Amino acid sequence: MTFINPGFLWVLPAAALPVLIYYLMRFRSLKVEWGATYVLERVLEKLKKKLYWDQVILLALRTLACVALVLAFARPSSSGAAGTVSGSGMHRVILVDASYSMLAGEPGRARWERGKEVLKRLTATWGRGEKWSLARVAERVEWLVDGEAIEDAQASAARIDALKPAEARVEWAKALESVFAKLASEPGVELYFCADDQAASWARAEALRLPPNFAPRAYWIVPPLEEPSNLAVTEVRLAGDVSLAGHASPVFARVQNFGTRDVEHAEMEWLVDGAFAAKEAFSLRPGQSGWVQGEVIFDRAGSHYVTARVGADALDLDNRFSAGVEVVEQLNVLVLRDPGRTRKFDSSWDFLKIAGQSEKLNDKDDAPVFTLGPLVFSVHEGPLDEAALREKQVVVVDGASGLAPEAAARLRTFVQAGGGLLLSADDAVDAQAWNALLGDAGLLPSPLRAARLEQVAGERFQTLAAPDPERAAFRALSSAERGDLAEARFYSWFELDEPAEDARIPLRFADGLPFLVLERRDPGAVVQLAAGLNGRVNNLPVREFFFPFLFRLCTEAAAGAYSPRTVDRAAPVRLRLPGAAGLRGVTLHSEGREPLPMTLQPAPQGFVAQSAGAPEWSGLYAALAVRETSTEKIWIGVQGPRADSDLAPLGTEARAELVQALGLAEAPDWDRLDELLRASRGGAEWHHWVVLALLALLVGELLMERRFL
Amino acid sequence: MAQAPLPAYGLDDILSARAKDALRSLELNARRAVEGALHGVHRSRRKGISTEFDHHKQYQPGDPLKHLDWKVSARHDRYFVKRYLEDTALTLHIVVDRSASMRRASGGATKFLQAARIAAGLVYLALRQGDSAGLALSDAGETVWVTPGSTQAHLVRVLQALAAREAGALDQLPVTLQQILDRARRKGLVALVSDLMFDPAPVQRALASLQAQGHEVLLFQLRDPAEEDFPFNRWVQFQDLEDPARRHRLDTIPLKRLYREEYAALQREWREWARKYNVHLVSSRTDEPVETVLTSYIRRRVEPRGS
């Protein structure tokens with residue numbers, strides 16, 4: 001026989017309490033002078049022996065009752081079954097899968113809630129003082145309760161209630177290695193897994209080998225999931241961080257079918273600032289992912305956000321993503337015209353002037369100003385001065401043969417202040433001078449290597465490769481409606497070196513050489529083209545995509561003035577706030593979560609606000625910048641990888657292997673778990689017999705006492 | 001000269017004015033014929049001068065001729081004389097148990113004080129109707145006697161004897177009763193006032209002898225409330241009042257019911273004995289007023305049997 005709570009056996013000497021009380025009462029007896037001793041002695045003469053035995057029996061009954069009571073708490077059990085019985089000496093360990101896939105299921109009845117409910121009922125059956133641990137398993141194992149004694153059921157339930165899921169995935173094989181290493185030296189362990197049956201999470205766990213002499217009884221609380229369909233929006237991108245008000249802006253969402261059945265004619269809804277804007281239909285096969293493209297229009301300037309949303313399914317959490325965007329009414333673009341280019345079609349600006357509406361807006365400088373949609377162009381010739389750059393967002397260097405080093409230095413200052421520079425190297429550019437002038441000024445992302453020239457309108461020309469599908473900026477320009485960049489023909493171009501790592505190449509020539517290099521600085525941006533924008537040595541100005549392409553180039557250059565509005569979840573949110581006047585503080589808000597404070601650091605022409613850490617969850621955030629007279633709200637879309645969206649369950653064989661390897665007993669709900677626990681303890685514990693004996697002894701005592709009444 | 005010990009009680013404690021008022025209108029009549037030296041209100045066994053005819057007796061020389069019943073003599077052709085009962089005064093012998101067990105008090109008065117009050121009440125009644133009353137205080141070694149008397153001064157002597165000392169001796173009742181038997185040649189009323197907490201047999205034998213000698217025997221039993229109810233629920237060390245060396249340390253809870261049964265059995269034993277010997281047994285608790293006890297008993301005594 002062994003005891004489940006052997007600690008209680010220390011109380012066994014207390015069973016002598018009735019004997020002690022007996023003698024104490026005797027010792028403290030009341031002294032009475034008695035006149036009826038004759039009667040008393042007549043009674044004693046008849047009953048003395050009987051009274052003596054009554055006392056002995058009563059004392060024995062009381063002592064045995066105390067012994068039985070202590071034994072009841074000590075919970076005796078048969079030796080062979082002690083290892084399987086829950087109780088003291090057994091260390092009960094709960095491992096909770098806190099990955100977000102546990103949120104799958106109906107709202108309020110998700111696996112997460114159902115699993116925690118089962119755990120609370122389980123801990124309520126455990127006795128006070130028994131040893132337990134609670135680990136939250138996400139990217140790593142976090143021990144929230146580490147071998148503590150149970151205080152009471154409410155306290156345990158509170159610890160379980162306090163568990164929060166995480167936007168992370170679990171790798172059980174890795175997690176269990178650390179769990180087994182920690183628990184291997186424990187003599188008796190009971191493991192309770194509260195986890196889903198994701199094949200991705202349990203991968204390779206069946207190959208785990210338990211440490212020697214470590215054979216825990218393990219239960220797997222795995223609430224079932226009925227809904228098999230599971231779409232996830234894995235990424236949402238706008239063409240750029242800056243869009244133009246009143247103009248259609250392409251938006252892209254990547255969606256993946258993590259479910260086990262085909263999805264046909266599913267709808268992707270686009271919402272602008274939370275209001276429905278558009279929708280697109282799509283179909284996906286299980287496991288397939290794809291981009292869904294839409295188009296939205298922002299009606300006014302300012303900070304906005306776009307949300308891509310698919311319909312409810314097994315896991316609602318991953319059905320939407322948001323992206324932030326800064327919308328501007330217009331862009332002021334300064335074109336540095338090379339005065340040496342006088343021939344027809346030497347420059348694209350002549351063509352633009354025709355396409356746009358020329359207006360004499362600046363009589364003083366006699367500089368031509370013309371608008372092309374939201375772009376307001378000013379053409380500048382001659383030495384570059386401060387006044388020419390005032391209130392300009394983008395400067396286009398068309399050729400730059402006539403640029404002086406002073407002008408290059410001024411342009412560098414312009415970029416450092418957040419301006420955008422668009423460099424267009426046409427056939428008239430002297431590569432060496434260009435590299436020297438702009439390279440020395442630190443404005444050249446990629447030096448020009450060699451000039452390539454073919455016969456204009458001849459058979460030989462260079463073309464563009466299809467835009468990188470992973471980069472949204474120019475992906476829209478590959479359709480019949482908007483024009484296809486693949487139709488561009490270049491008779492003159494430069495070979496560019498591969499740029500530094502912080503520069504991107506959204507467009508390449510068909511032979512793989514860079515065509516467009518984009519370098520975002522903080523602040524400022526430089527966009528470099530390996531060819532000119534003029535129509536003499538290429539056909540760009542006469543293709544449908546030219547104006548959207550030009551708009552895109554300008555917005556990409558102008559975006560350098562703004563911090564990215566769509567960021568990755570892994571890094572802290574960083575936001576540049578121009579204008580130092582009256583800024584009191586910035587906080588980062590997200591619906592249903594505590595605001596994150598952002599620290600402010602002075603920066604040229606403003607402040608940089610940064611969150612203390614990376615956001616815990618993906619989603620839409622709003623940075624509230626409180627100023628003296630106003631509050632500015634900047635929408636930021638935080639997007640993390642959908643690492644745990646794949647709910648595909650373990651296959652039958654893999655599941656069987658896992659169950660066997662870990663000795664798991666599966667329980668989809670409390671009833672089944674309770675049944676399993678009862679079955680494992682049935683007949684092993686003698687608890688009931690001890691309690692029965694205790695009751696019998698108490699009844700015996702009562703009957704004895706009753707005789708005296 | 002040795003100073004006399006102070007009395008244990010005042011005389012008013014023993015016979016209060018209230019008791020006197022209650023007893024003033026009562027008469028203690030003898031239930032049996034008694035013999036007395038004085039002319040009184042009670043029938044006597046002796047034949048003498050009275051108007052109450054008793055029986056006829058054959059004439060013998062020396063009998064007064066005036067008592068010849070001529071009618072009966074003529075009928076039987078022999079001489080018969082009439083005999084008459086003589087009215088005589090009652091002699092009351094009161095025996096009070098002064099053993100140490102009488103010192104027990106739980107209802108206010110000790111058993112001995114209550115016994116003294118009953119004895120005083122009886123003496124008061126007897127003297128008021130011209131009877132004589134004596135007192136025997138059963139004490140250790142020797143019995144304190146107050147010879148029968150019928151004057152008011154005698155009442156004071158009785159009261160002084162009762163008040164002289166608290167109970168505190170060994171039980172000597174059989175001896176005292178035997179002494180009564182030896183001393184009281186004339187038939188009278190012997191009243192024993194005691195708690196009867198002793199072996200009944202010797203006392204019952206002595207009382208039976210007195211009854212056989214023609215005395216009317218009257219038993220006053222005093223019950224202490226605690227001794228009767230046994231109101232204990234814990235361990236108690238009982239120390240005998242008569243012999244302090246006799247001690248019993250007992251758990252009273254299992255004992256209670258058995259004790260009460262035994263106490264009742266002793267009461268029953270006395271009642272059955274009294275019924276058998278036609279002896280009045282007046283049992284009262286020490287917390288009952290004496291006048292109530294005596295009044296109710298004397299009223300019951302004059303009622304016809306069976307009423």
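Here's a quick tour of a helix, a helix pair and a sheet in a predicted model.

## Ground rules

Residues count from 1 along each chain as its sequence is written, and chains are lettered from A in the order in which they are written. Because the model is predicted, local features need pLDDT of at least 70 and side-chain atom pairs count only at pLDDT 80 or more, with hydrogens and water left out of side-chain values.

## Helix H7 of chain B

Helices here are DSSP runs (H or I, at least four residues), and strands are too (E, at least two), numbered from the N terminus. H7(B) covers residues 200–212, and its end C-alpha atoms sit 18 Å apart, which agrees with the 18 Å expected for 13 residues at 1.5 Å a residue (1.5 Å times one less than the number of residues).

Its buried residues (under 20% relative accessible area, 1.4 Å probe, protein chains only) include Val203(B), Leu207(B) and Leu210(B). The buried residues of H7(B) pack against helix H2 (37–74) of chain A, as well as elements of chain B including helix H9 (252–276).

## Two helices in chain A

H1(A), residues 17–27, packs on H2(A) at about 140°, with axes 8 Å apart. Axes are lines fitted to C-alpha atoms over the stretch in contact, and angles run from 0 to 180 degrees between N-to-C directions.

The contact (heavy atoms within 4.5 Å) involves Pro18(A), Val19(A) and Tyr22(A) of H1(A), and residues of H2(A) including Leu59(A) and Arg62(A).

## A sheet in chain A

Seven strands form an open sheet with mixed pairing, in the order S30-S36-S35-S32-S33-S34-S31. Strands pair if DSSP finds at least two bridges between them. S33(A) and S34(A) pair in the antiparallel sense over six bridges, and Thr599(A) has Gln610(A) as its bridge partner.

Terms used:
Buried means under 20% relative accessible area, exposed over 50%, partly exposed in between (1.4 Å probe, protein chains only).
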